[in-house]
Amino acid sequence: QLQLVESGGGLVQPGGSLRLRCAAAGGTVDYYAIGWFRQAPGKEREGVSCVSASGGSTDYANSVKGRFTISRDNAKNTMYLQMSSLKPEDTAVYYCAAVLEPTPYGSSCHRSTLQYDYWGQGTQVTVSS
């Protein structure tokens, strides 16, 4: 059973940066596509970004394109979400999630919550002056 633990959230001023980290345990992430999601109070959980199992394909929500970068380090069983030029509307609990692919060469990913089987507990990101 894959377990995911997020870290790196916190309070940051508008325009600042944070790097979220998602550490996996209980299995190797090589066969998993990874997604980052967020949920603000009173809103539905939305897909922010995803990366394919191979690492060769990524996708971003329009609201974060050009500001966020997803990456993965399979050797460390860890995934990252680098967030820059943060805005107050980025305030939310951020979750990483994983879905098992048939091979480690998967070349696609999806930002729908319905696609993912394993979830972390979330880390709070607050953007405020």
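## Strand S11 and an aromatic cluster

Let's start with strand S11, residues 123–127, where the side chains take turns: Thr123, Val125 and Val127 are buried and point to one face, while Gln124 and Thr126 point to the other and are not buried. This is a predicted model, so please read the values below in that light. The alternation fits a general pattern: in a regular strand, side chains alternate between the two faces of the sheet.

S11 has neighbours to look at too. Strand S2 (residues 10–12) pairs with S11 in the parallel sense, over three bridges, and Leu11 stands opposite Thr126. Strand S9 (residues 92–100) runs antiparallel to S11 and is joined to it by three bridges; here Val93 has Gln124 as its bridge partner.

Now to the rings. The count of aromatic pairs comes to four, and two of them are set out here.

| Aromatic pair | Centre to centre | Angle between planes | Arrangement |
|---|---|---|---|
| Phe37 and Trp119 | 4.8 Å | 50° | tilted |
| Tyr116 and Trp119 | 6.4 Å | 70° | edge-to-face |

Phe37 lies in strand S4 (residues 32–39) and Trp119 in strand S10 (residues 118–119), so their pair ties together parts that are 82 residues apart in sequence. Phe37, Tyr116 and Trp119 form one aromatic cluster. How buried or exposed are its members? Phe37 counts as buried because its relative accessibility is 0%, and Tyr116 is buried as well, at 6%. Trp119 is partly exposed, with a relative accessible area of 27%.

Finally, a charge joins the picture: Arg45 lies over the face of Trp119, 5.0 Å from the ring centre. The charged end of Arg45 also sits over the ring of Tyr95, at 3.7 Å from its centre.

Methods
Residues numbered from 1 in each chain as written. Predicted model: local features only at pLDDT ≥ 70, side-chain atom pairs only at ≥ 80, totals over all residues. Heavy atoms only, no water. Buried < 20%, exposed > 50% of the residue type's maximum accessible area, 1.4 Å probe, protein only. Helix = DSSP H or I, 4+ residues; strand = E, 2+ residues; numbered from the N terminus. Pairing = 2+ DSSP bridges. Phe/Tyr/Trp six-rings, centres within 6.5 Å; stacked < 30°, edge-to-face > 60°. Lys NZ or Arg CZ within 6 Å of the ring centre and 35° of its normal.
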